[in-house]
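Okay, thanks for coming, everyone. I'll put the structure up and talk you through a few spots I'd like you to look at.

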Amino acid sequence: MDIEKFCKENCVERRGTASLKWDSLQEIFGDADLLPLWVADMEIQSPPSVRDALVKRVEHGVFGYGRMEDGYFDAFFAWQKKHHGMDLEKENVRFATGVVGSLYAAVKAYTSEDASVIICPPVYYPFYDAVLNTGRKLVTCELDNKDGYYTLDFEKFEKEIADNHVKMFILCSPHNPVSRVWSEEELDAMFDICRRHGVLVVSDEIHQDFSYEGKKFLSSALVKGGKYKDILILLNSGSKTFNLAGLIHSHVIIFDKGLMETYDQYIKGIGSPEVNIMGVAGMEAAFRGGEEWLDNVKSLILHNYNYMKQEFARELPKVIVTPLEGTYLSWTDLRGYLDGGEPPGLSRRNAVWPVT
Ligand SMILES: Cc1ncc(COP(=O)(O)O)c(C=O)c1O
């Protein structure tokens, strides 16, 4: 489809719609007139199939408690199979109100209060919060940055794990913000270290549907034919894919029976939440009818990325734009223009921000 036509038909004004990204600028950054690039949601309306399903729900007019029907599983499993080659069973899936909440749940369910948890910065800031706000010890292994391309130093990773007796690794795959789509070899190397040191892996795969140009996302569950399923807690959702974050609906996928029992026990202990009927209706419809829409959105992202890169190269050549492998965020290094200073706002990472 013509990108301009797609934008005209699907992009809308979000200011004044109680949007966290657009309507919090004054409160958070002290300037309502900024262009907000700090939240991973879009200015694009969700697929028509989603809007139709939600309208149907609204027209029914009753918003009582919901339950998961077979149709949801069918649609979700078909999407996973077609797009990621993953076979899922109902018994391996639980529902949650968001991936970030599930990061906290995983830390609390599987680690003791004095445990160490490792993350690989630069990484989505709630990863820090899920460790620090639950009182666990934060261990970091910075990714190596070579001209804007980020990799993990496996020796350093193993040393941090061993030295700090780490019990859990929170992986971002694809990695927000550095846009890496990890290769099978890289994932295998990470997980092999984790297995040898008794470390559980929480794999945040919320951006799984965004990989570009020859890079193919591989779920942690499929690495080396499923070799690491027994140490894995996998988190995903259609929320980034179809711009449904506000409908707060996500998946927790656990293959190991013992790990699932522990998870269920933990959830029982905090009072199990019901599912959000709008989130369920919207996401099922997205899995069923959102494919063409997503193709257009990815073309648009790629177009914008190439345009941005080209303009930076022409106007601000010292800007380093990280190659776009995955996610729909751009990681751009402006330090070439900062004379050794930090960009304003960096220290905000520890501020109490809304979770996004
Ligand atoms: C890596 C990553 N995980 C999780 C989330 C948020 O997930 P949720 O809205 O389901 O809590 C985001 C949002 O930007 C993200 O980038």
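Let's go straight to the ligand. It has 12 residues around it, and the closest are Val99, Val100, Asn176, Asp204 and Lys240. Before I go on: this is a predicted model, so keep that in mind throughout.

What does the ligand touch through its oxygen atoms? Two contacts go to the backbone: a polar backbone atom of valine 99 is 2.7 Å from a ligand oxygen, and for valine 100 a polar backbone atom is 3.0 Å from a ligand oxygen. Then there's a side-chain one, with a polar atom of lysine 240 sitting 3.0 Å from an oxygen of the ligand. How much of the ligand does the protein bury? On its own the ligand would expose 400 Å², and 91% of that is buried by the protein.

Okay, zoom out for a second. We've got 12 helices and 11 strands in the chain. The C-alpha atoms fill a box of roughly 60 × 50 × 40 Å along the principal axes. The radius of gyration is 20 Å, and since a compact globule of 356 residues would come out near 21 Å, the chain agrees with that. Buried residues account for 51% of the 356.

Now find strand β6, residues 166-172. Six of its seven residues are buried, so the strand is largely enclosed by the rest of the structure. Who are its neighbours? On one hand there's β2, residues 116-119, running parallel to β6 and joined to it by three bridges. If you want a pair to click on, valine 117 has methionine 168 in β6 as its bridge partner. Then there's β7, residues 200-204, also parallel to β6, with five bridges between them. The pair to click on there is leucine 171 with serine 203 in β7. To get from β6 to β7 the chain goes through helix α9, residues 184-196, and that β-α-β crossover is right-handed.

Next, the backbone oddities. As a reminder, most residues other than glycine have a negative phi, and most peptide bonds are trans. So where are the exceptions I picked out?

Two are cis bonds. Proline 121 to proline 122 is cis, with omega near 0°, and proline 122 is in the loop between β2 and α7. Serine 173 to proline 174 is cis as well, with omega about -10°; proline 174 is in the loop that links β6 and α9.

The other two are positive phi values. Lysine 224 has a phi of about 45° without being a glycine, and you'll find lysine 224 in the loop between β7 and β8. Threonine 327, again not a glycine, has a phi of about 70°, in the loop between β10 and β11. Buried or exposed, for threonine 327? Threonine 327 counts as buried, because its relative accessibility is 0%. Lysine 224, with a relative accessible area of 39%, is partly exposed.

Last stop is serine 237, in the loop between β8 and β9. At 2% relative accessibility, serine 237 is buried, the cut-off being under 20%. What does its side chain reach? One partner is the backbone nitrogen of serine 239, at 2.9 Å. Another is the backbone oxygen of histidine 249, which is 2.8 Å from a polar atom of the serine 237 side chain.

That's my tour, happy to spin the model around if anyone wants another look.

Methods. Residues numbered from 1 in each chain as written. Predicted model: local features only at pLDDT ≥ 70, side-chain atom pairs only at ≥ 80, totals over all residues. Heavy atoms only, no water. Buried < 20%, exposed > 50% of the residue type's maximum accessible area, 1.4 Å probe, protein only. Helix = DSSP H or I, 4+ residues; strand = E, 2+ residues; numbered from the N terminus. Pairing = 2+ DSSP bridges. Right-handed = clockwise from strand over helix to strand, strands pointing away. Near = heavy atom within 4 Å. Polar contact = N/O pair within 3.5 Å; in protein donor to acceptor, adjacent residues only side chain to side chain. Areas by Shrake-Rupley, 256 points an atom, 1.4 Å probe, with all protein chains shown as cover. Rg over C-alpha atoms; globule rule 2.2 N^0.38 Å.
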